[in-house]
Amino acid sequence: MPRPSAAAFSLAYCCGYVAAFALDLPLFLYYPMEGRFAWNWAPFDSVGPSMAWYGLMASACLFALPVALVAPERRVFAALRNLLWTVPVAALLCCAYLLRVFFQGPA
Amino acid sequence: MTMTVLLILHGLAGVALLGAVTHQSVGLFRRHRATVDSFTERYRAVQPRGFSTTIVVLVLVSIALGAIIYPTYRVDVRIPFEEMSLGWAIGLFEMKEHAGGIALGLLPLYAVLWRGEFTDTHRLDRTVVTLILALIVWWDFIVGHVLNNIRGFG
């Protein structure tokens, strides 16, 4: 079995995280009032808010793991030599853009 | 009470992480034949490679503690923020949360860039990824501090 590529995992994770955030696709939600988890496609009828952060990280991992298993580490490093940093920078900028609504007026 | 203790531990882990990642980042820009007479030169004259494992562990500890106390924030802090129409404060926390989530996924790449066979061929990647991590740590620390000043767990 090939060794998973750390670089491919990180890059795919960043892409998967932004995609899950933008498309509202966390794997699951957490309901802090009840202390319960529920799949995103079968939400729990809570009296309080739901939290997507844990599910977003899980979605990103779910997307990144197969990519890391398939992509050869050396090839990723060779193809993206000194460009690897652009992916997390783009991911952070995308997140900031998606969050702009919080700074445009009252909550 | 338990959440307050965990919040303090989260803050202390953040302080340790801030020190380690800042020291490593500054060490990236040290001169090869620097004199070590001044404080700043002594501060820069470290082997940045030695910090990477510590930084990975501290990021994991910080995020784990943050994940444990997050539900308390969501109920006891964010809802009052919404009632006070502090949308900007909620936005700052959202940016902290997502930056932390991306930092978690960045750790494998960061570790390989510091410890693997690509350290010499990917210097720019290593430098920028380390600086991104440092930026996230500073951002998360300052935002956490500001929000706790507005309304802590009580």
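Student: In this predicted model, in which loop of chain A is the place of A:Asn82?
Tutor: The model is a predicted one, and A:Asn82 has a positive phi of about 60° although it is not a glycine. Most residues other than glycine have a negative phi. As for its place, A:Asn82 sits in the loop between α3 (73-79) and α4 (86-98) of chain A.

Student: Is A:Asn82 buried, partly exposed or exposed?
Tutor: A residue counts as buried under 20% relative accessible area and as exposed over 50%, with partly exposed in between. Because the relative accessible area of A:Asn82 is 23%, the residue is classed as partly exposed.

Student: What is the phi of B:Ser85?
Tutor: B:Ser85 is found in the loop between α3 and α4 of chain B, and it is partly exposed, with a relative accessible area of 38%. This residue comes after α3(B). Its phi is a positive value in a residue other than glycine, near 55°.

Student: At which residue does α3(B) bend?
Tutor: Helix α3 of chain B covers residues 52-83. The bend in α3(B) is about 45°, and it is located at B:Tyr73.

Student: Which residues is B:Arg78 in contact with, leaving aside its neighbours within four places in sequence?
Tutor: B:Arg78 belongs to helix α3 of chain B, and because its relative accessibility is 12%, it counts as buried. Leaving aside neighbours within four places in sequence, its contacts include a residue of chain A, namely A:Phe102. The full set is A:Phe102, B:Tyr73, B:Ile90 and B:Glu94.

Student: Is B:Val21 buried or exposed?
Tutor: B:Val21 lies in helix α1 (residues 2-27) of chain B. Not counting residues up to four places away in sequence, it touches B:Ile55, B:Thr130, B:Leu133, B:Ala134 and B:Val137. Since its relative accessibility is 0%, B:Val21 counts as buried.

Student: By what distance are the C-alpha atoms of B:Val21 and B:Leu131 separated?
Tutor: These two residues are 110 residues apart along the chain. The separation of their C-alpha atoms is nevertheless given as 8.5 Å.

Student: What share of the contacts in chain B with a separation of 6 or more comes from residues 24 or more positions apart?
Tutor: Chain B has 5 helices and 0 strands, and buried residues make up 53% of its 154 residues. Among contacts with a separation of 6 or more, the share from residues 24 or more positions apart is 72%.

Student: How do the residues lining the largest pocket divide into nonpolar, polar and charged?
Tutor: The largest pocket holds about 810 Å³ of space, and its lining consists of 34 residues, with B:Leu7, B:His10, B:Lys96, B:Asp140 and B:Gly144 lying nearest its centre. In chain B, α1, α3, α4 and α5 (123-150) each supply at least two residues of this lining. The division is 20 nonpolar, 10 polar and 4 charged.

Student: Which helix gives the most to the lining of the second largest pocket?
Tutor: About 340 Å³ of space lies in the second largest pocket, where B:Leu28, B:Arg30, B:Pro48, B:Arg123 and B:Arg126 are nearest the centre among the 14 lining residues. This lining divides into 4 nonpolar, 5 polar and 5 charged residues. With 3 residues, the helix that gives the most is α5(B).

Conventions
Residues are numbered from 1 along each chain as its sequence is written. Chains are lettered from A and ligands numbered from 1 in the order in which they are written. This is a predicted model: local features need pLDDT of at least 70, side-chain atom pairs count only at pLDDT 80 or more; totals for chains, interfaces and linings use all residues. Side-chain values use heavy atoms; hydrogens and water are left out. Helices (H or I, at least four residues) and strands (E, at least two) are DSSP runs, numbered from the N terminus. Buried means under 20% relative accessible area, exposed over 50%, partly exposed in between (1.4 Å probe, protein chains only). Contact means heavy atoms within 4.5 Å. On a 1 Å grid over the protein atoms alone, a cavity is a set of points where a 1.4 Å probe fits but cannot get out, and a pocket is an open set with protein on both sides within 12 Å along at least five of seven lines; lining residues have an atom within 4 Å of a point. Grid points are joined across faces, edges and corners, and a volume is the space filled by probe spheres set on the points. Ala, Val, Leu, Ile, Met, Phe, Trp, Tyr, Cys and Pro count as nonpolar, Asp, Glu, Lys and Arg as charged, and the others, Gly among them, as polar. The bend at a residue is the angle between axes fitted to the seven residues ending there and the seven starting there.
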